[in-house]
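Hi,

Here is the structure I said I would pass on. Have a look at it first, and my notes follow underneath.

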Amino acid sequence: MEKLYFFSLASGSSGNCYYIGTLSYGILVDAGIGVRQIKKILKERDIGFEKILAILITHDHADHIKSVGYLGESLNIPVYATEAVHAGICRSRYVEEELIRSRRVIEKEKPFMIRDFNIMAFDVPHDSSDNVGYSIVYGDQTFVIVTDVGHITDTVSKYVSGANHLVIEANYDEEMLSSGMYPNFLKERVSSMSGHLSNRDAAEFLAVNYSPKLKNIWLCHLSRDNNHPELAYKTVDLRLFQEGIRVGKDVSLVTLKRTNPSDVYEFDVKMDK
């Protein structure tokens, strides 16, 4: 039996970065925080940059790509993204180094391998140049990451429904957004079909589509101004309970921290022979 590890380095509008890997190697999903912060957190967990095989980018907003130029070109870590996302990274004023040697182009719903990780990118609606979620299969375990989700589509639902471990956005509380200080145009952008997923929308989707094979839910990309970790947790917990799904027994539920790393989560994996 092998071990697989997951943790969030940061998750929120200030920056996003996630790690999935073994004791020997792993991958990052997004690199929207500073290089020093990434290095410090990885070092604290005995992970050197030499163990990072790749960076998977979801989309080209600054809080997901801040350090990707340095990691890709200076540290020679391959950067995987769709053609449109790569074009957005190239245009971004937040990325100083142009991705050349590290640039790897992927296509949605065409699987690719990175060592023993079988990876599929799939379309996720959001107001970026392009946006994908990732289904990452290692042995008999499937991770799915969907962040910055305007709304749940059939495609998103298909991949989320196959997850054993799910990172999904719960960005805002609808009442907090409505009564908050954001200007109307920004409120409309956040709540639009190409904006972000609310606590209630995430809760409803999870409750209706829960499967016993889903063991872990991490709520990600919580808004600093329009949400609270306790509120996001309670919204999802209550809605799951209404369907007879018990958090802590049937499934684990965690809200990821915006600017600090999460705990390290460890899983037993049965590899195909």
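**What turned up**

C220 is buried, with a relative accessible area of 0%. Keep in mind throughout that this is a predicted model.

Staying with the cysteines for a moment: a search of the whole structure comes back with 0 disulfides. C17 is in none, and the nearest cysteine sulfur to it, that of C220, sits 13 Å away. A disulfide needs the two sulfurs within 2.5 Å, so at 13 Å C17 and C220 do not make one. C17 counts as buried too, because its relative accessibility is 0%.

Next, the sheet. It is an open one built from 7 strands, in the order β6-β5-β4-β3-β2-β1-β14, with mixed pairing. The edges are β6 (103-106) and β14 (265-269), each of which pairs on one side only. On average, neighbouring strands are turned by 25° against each other, ignoring direction. Within the sheet, β1 (residues 2-12) and β2 (residues 15-21) run antiparallel and are joined by 7 bridges; S11 stands opposite N16 in β2.

Two helices to look at against that sheet:

- α1 (residues 35-44) lies across β1, β2, β3 (26-29) and β4 (52-56), and runs at about 145° to β1.
- α4 (residues 83-91) packs on the sheet and touches β5 (79-82) and β6, its direction making about 110° with that of β5.

Then the aromatics, where I spent a fair bit of time. There are 12 aromatic pairs in the structure. One of them is F6 with W218, a tilted pair at 4.5 Å centre to centre and 45° between the planes. That pair links distant parts of the chain, since F6 is in β1 and W218 in β12 (residues 216-220), 212 residues apart. Both F6 and W218 are buried.

W218 has another partner in F143: the ring centres are 6.1 Å apart and the planes are at 5°, so this pair is stacked. Here the separation along the chain is 75 residues, with F143 in β10 (residues 141-146) and W218 in β12. F143 counts as buried because its relative accessibility is 1%. Ring pairs also tie F6, Y18, F143, W218, Y265 and F267 together into a cluster.

Finally, a couple of arginines over ring faces, in case you want them for your notes. R45 lies over the face of F7, at 4.6 Å from the ring centre. R115 does likewise over Y25, at 4.3 Å from the ring centre.

Cheers

Conventions:
Residues are numbered from 1 along each chain as its sequence is written. This is a predicted model: local features need pLDDT of at least 70, side-chain atom pairs count only at pLDDT 80 or more; totals for chains, interfaces and linings use all residues. Side-chain values use heavy atoms; hydrogens and water are left out. Two strands pair if DSSP finds at least two bridges between them. Helices (H or I, at least four residues) and strands (E, at least two) are DSSP runs, numbered from the N terminus. Axes are lines fitted to C-alpha atoms, for helices over the stretch in contact, and angles run from 0 to 180 degrees between N-to-C directions. Contact means heavy atoms within 4.5 Å. Buried means under 20% relative accessible area, exposed over 50%, partly exposed in between (1.4 Å probe, protein chains only). Rings of Phe, Tyr and Trp (its six-membered ring) pair if their centres lie within 6.5 Å; planes under 30 degrees apart count as stacked, over 60 as edge-to-face and the rest as tilted. A charge sits over a ring if NZ of Lys or CZ of Arg is within 6 Å of the ring centre and within 35 degrees of the ring normal.
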